[in-house]
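Student: Hey, I've got a new structure open and no idea where to begin. Can we talk it through?

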Amino acid sequence: NSSDLSPSFILASIPGLEGAQAWMAIPLCSAYVVALTGNGAVLLAVRTEPSLHSPMYFFLCMLAAIDLALATATVPRILSFYWFDTREIGFGACLLQMFLIHALSAVESTVLLAMAVDRYVAICHPLRHAAILTNAATAKIGLAAVARGVLFFLPLPLLLLPLPFCGSRALSHSFCLHQDVMNLACANTTPSVVYGLTAILLVMGLDAVLICLSYLLILKAVLRLAAWRERLKVFSTCIAHVCVVLAFYVPLIGLSVVHRFGKDLAPLVHIVMGNIYILVPAVLNPIIYGVRTKQIQRRIL
């Protein structure tokens, strides 16, 4: 129960299945391999096909790179825990992993917003699309997304760094999240709570509102078309992006709800929701775009 400024934390095991964790890691590893293969294939397809060198596909490459980084920052450590029973994670490693998860999620949210704006301009202002979203502008948006994620979420580990930790060191996930680590501190965490909530609202919350606004404007433009066939044809160009947005925000909202209201839920729910949040977007995104985008599909084949 002694206080320690540089403690180690205990990752959460699967309750009741501690002896079978090596087998439970197999589907997790399989999903990770699918994420690596799918996102790697998307990056390679766009890299090697000159006809795909346009803002829409560059944004897709950013999304694939973020998913690869996010999965790689968490899944290998989880597999190490499940297969070799390395339950402890150092304080510095935990803070780094926490920062990468939150910062990369913020970057992905920004890229999804940029893709929504790309669809809005392509549908509502098609003649100005090439002039507005040039390759140079796309690169600047990507750099701005990275800077936004780093600047907004770098203070999270810095606020936790000086706090003392005492009592239980057991996390409720198999990786480190800000709220999970913060709850183990035996000191006033009000600054961390306020800043964490503010950062989430100003990044993911604002992005979600702007994405919805973009699609309301797109829907308004589509409904002006006379023929239903034309409406469906135009809106079909947005289906893949809508699915990717749902694959990102639904697990994010689910995990937030579990953290906020699920204190009495079984520990298994926290672990499953955490793994879904990390892996579902990385696994589904390349599949969605591989199925919906014929150019990528042909190039991969």
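Tutor: Sure, let's begin with a term: a disulfide is a pair of cysteine sulfur atoms within 2.5 Å. Keep in mind that this is a predicted model.

Student: OK, how many disulfides does the structure hold?

Tutor: There are 2 disulfides. One of them joins C94 to C176, with an S to S distance of 2.0 Å.

Student: Which parts of the chain does that pair link?

Tutor: Distant ones: C94 sits in helix α3, residues 91-124, while C176 is in the loop between α6 (155-160) and α7 (178-182). The two cysteines are 82 residues apart.

Student: And is the disulfide of C94 and C176 left-handed or right-handed?

Tutor: Left-handed, because the torsion about its S-S bond is about -120 degrees.

Student: Are those two cysteines buried or exposed?

Tutor: C94 has 0% relative accessibility, so C94 counts as buried. C176 is buried as well, with a relative accessible area of 0%. The cut-off for buried is under 20%.

Student: Now the other pair. Where are C166 and C186 in the chain?

Tutor: C166 lies in the loop between α6 and α7, and C186 in the loop between α7 and α8 (190-223). They are 20 residues apart, and this pair also links distant parts of the chain. Their sulfur atoms are 2.2 Å apart.

Student: Buried or exposed, those two?

Tutor: In between. C166 is partly exposed at a relative accessible area of 23%, and C186 counts as partly exposed at 35%.

Student: What pattern do the disulfides follow?

Tutor: Counting bonded cysteines along the chain, the pattern is 1-3, 2-4.

Student: Why is C212 not bonded to C238?

Tutor: The closest cysteine sulfur to that of C212 is in C238, but it is 13 Å away, so that is too far for a bond. C243 is in no disulfide either, and its nearest cysteine sulfur, also that of C238, is 11 Å away. C243 counts as partly exposed because its relative accessibility is 33%.

Student: Switching topic: what does UniProt list as "transmembrane region"?

Tutor: The unreviewed entry lists several stretches, among them residues 89-117 and 129-154.

Student: What does the chain look like over residues 89-117?

Tutor: Over that stretch the chain is 93% helix and 7% strand, and the end C-alpha atoms are 40 Å apart.

Student: And over residues 129-154, how much is helix?

Tutor: There the chain is 88% helix and 0% strand, with the end C-alpha atoms 34 Å apart.

Methods
Residues numbered from 1 in each chain as written. Predicted model: local features only at pLDDT ≥ 70, side-chain atom pairs only at ≥ 80, totals over all residues. Heavy atoms only, no water. UniProt positions renumbered as here; feature names shortened; annotations may be inferred. Helix = DSSP H or I, 4+ residues; strand = E, 2+ residues; numbered from the N terminus. Buried < 20%, exposed > 50% of the residue type's maximum accessible area, 1.4 Å probe, protein only.
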